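The exercises below ask the reader to work through contacts and enclosed spaces in a protein model, each with a solution that goes step by step. Please keep the sequence and the coordinates at hand.

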Amino acid sequence: MLTQAAAQTQRKISTYLSAQYSQTVYDKTLGNNPWGAGLGLQAFLHTNTKFTPTAELIGDLYLADDKVLRLTTDGKAIEDIGGVVNLFAGSSFRVSKNSYVSLLAGPGFINGKTYFGIKPSFGFYFSKDQKLTGRLSYTNIFNRDKITKDDFGSVSFSVGVKVF
């Protein structure tokens, strides 16, 4: 008597390629960078718990610009933002089979300078097979303007497709 058995296990890492739209909420040069669009990669390391280590690399370009020069109190120009690249890591908590919340932190790169940032998010999957995902996020980059200690903040919506 012969028997055959087959089984599949979930991959240890899921990676998503995403496109995102970001709306600047606050910044010293808000008129020079009101919105941006970008691409990113997000990876989840699956565990047997509801908590999942998560990492992401996302870059946004800010193309809109009102062409107004903003100055510090001592007359120096404040650089507007042409782009932001974030390399964040943290943890995701699975709320249900098709949704999660995450808190990530790490370096944010703006105009060749490195800052610390945080990113809480709410993510969801469009289907049970989790091949398409959506995410609403808030990003805060601390002390973007060194003189006034003003932060850069944005909200974003992204849609991603599972690449592996």
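**Exercise 1. Decide whether Lys119 is buried or exposed, and find the salt bridge that it forms with Glu56.**

Solution. Lys119 has a relative accessibility of 1% and therefore counts as buried, where buried means under 20% relative accessible area, exposed over 50% and partly exposed in between, with a 1.4 Å probe and protein chains only. The model is a predicted one, in which local features need pLDDT of at least 70 and side-chain atom pairs count only at pLDDT 80 or more, whereas totals for chains, interfaces and linings use all residues. Residues are numbered from 1 along each chain as its sequence is written, and side-chain values use heavy atoms, with hydrogens and water left out.

The next step is the partner: the side chains of Lys119 and Glu56 meet in a salt bridge with an N to O distance of 2.9 Å, a salt bridge being a side-chain nitrogen of Lys or Arg within 4 Å of a carboxyl oxygen of Asp or Glu. Glu56 is buried as well, with a relative accessible area of 2%. Because Glu56 lies in strand S3 (residues 51-61) and Lys119 in strand S6, the pair ties together parts that are 63 residues apart in sequence; strands (E, at least two residues) and helices (H or I, at least four) are DSSP runs, numbered from the N terminus.

**Exercise 2. Establish how many salt bridges the whole structure holds, and describe the pairs of Arg70 with Asp66 and of Glu79 with Lys113.**

Solution. A search of the whole structure gives 6 salt bridges. One of them joins the side chains of Arg70 and Asp66 at 3.0 Å, N to O; Arg70 is partly exposed at 22% relative accessible area, and Asp66 is also partly exposed, at 34%.

In the pair of Glu79 and Lys113, the closest N and O atoms are 2.8 Å apart. Glu79 belongs to the loop between S3 and strand S4 (83-96) and Lys113 to strand S6, so this salt bridge ties together parts that are 34 residues apart in sequence. Glu79 is partly exposed at 40%, and Lys113 is partly exposed at 39%. Finally, salt bridges with shared partners join Glu56, Lys119 and Arg135 into one network.

**Exercise 3. Count the aromatic pairs and characterise the one between Tyr16 and Tyr125.**

Solution. The count comes to 10 aromatic pairs, under the rule that rings of Phe, Tyr and Trp (its six-membered ring) pair if their centres lie within 6.5 Å, with planes under 30 degrees apart counted as stacked, over 60 as edge-to-face and the rest as tilted. Tyr16 and Tyr125 form a tilted pair, 6.1 Å from centre to centre and with 40 degrees between the planes. This pair links distant parts of the chain, since Tyr16 is in strand S1 (residues 13-26) and Tyr125 in strand S6 (residues 113-125), 109 residues apart.

For accessibility, Tyr16 counts as buried at 2%, and Tyr125 is buried at 12%. Looking beyond the pair, Tyr16, Phe44, Tyr100 and Tyr125 form one aromatic cluster.

**Exercise 4. Which residues line the largest cavity, and which element gives the most to this lining?**

Solution. On a 1 Å grid over the protein atoms alone, a cavity is a set of points where a 1.4 Å probe fits but cannot get out, and lining residues have an atom within 4 Å of a point. Grid points are joined across faces, edges and corners, and a volume is the space filled by probe spheres set on the points. The count is 2 cavities of 30 Å³ or more, and the largest cavity has a volume of about 70 Å³.

The lining of the largest cavity consists of Gln20, Ser22, Asp60, Tyr62, Val84, Asn86, Lys119, Thr139, Phe152, Ser154 and Ser156. At least two of the lining residues come from each of S1, S4 and strand S8 (150-162), and S8 gives the most, with 3 residues.

As a last step, turn to the second largest cavity, which holds about 30 Å³ of space and is lined by Tyr16, Ser18, Gln42, Thr133, Arg135 and Ser158. The elements that give two or more residues to this lining are S1 and S7.

Conventions:
On a 1 Å grid over the protein atoms alone, a cavity is a set of points where a 1.4 Å probe fits but cannot get out, and a pocket is an open set with protein on both sides within 12 Å along at least five of seven lines; lining residues have an atom within 4 Å of a point.
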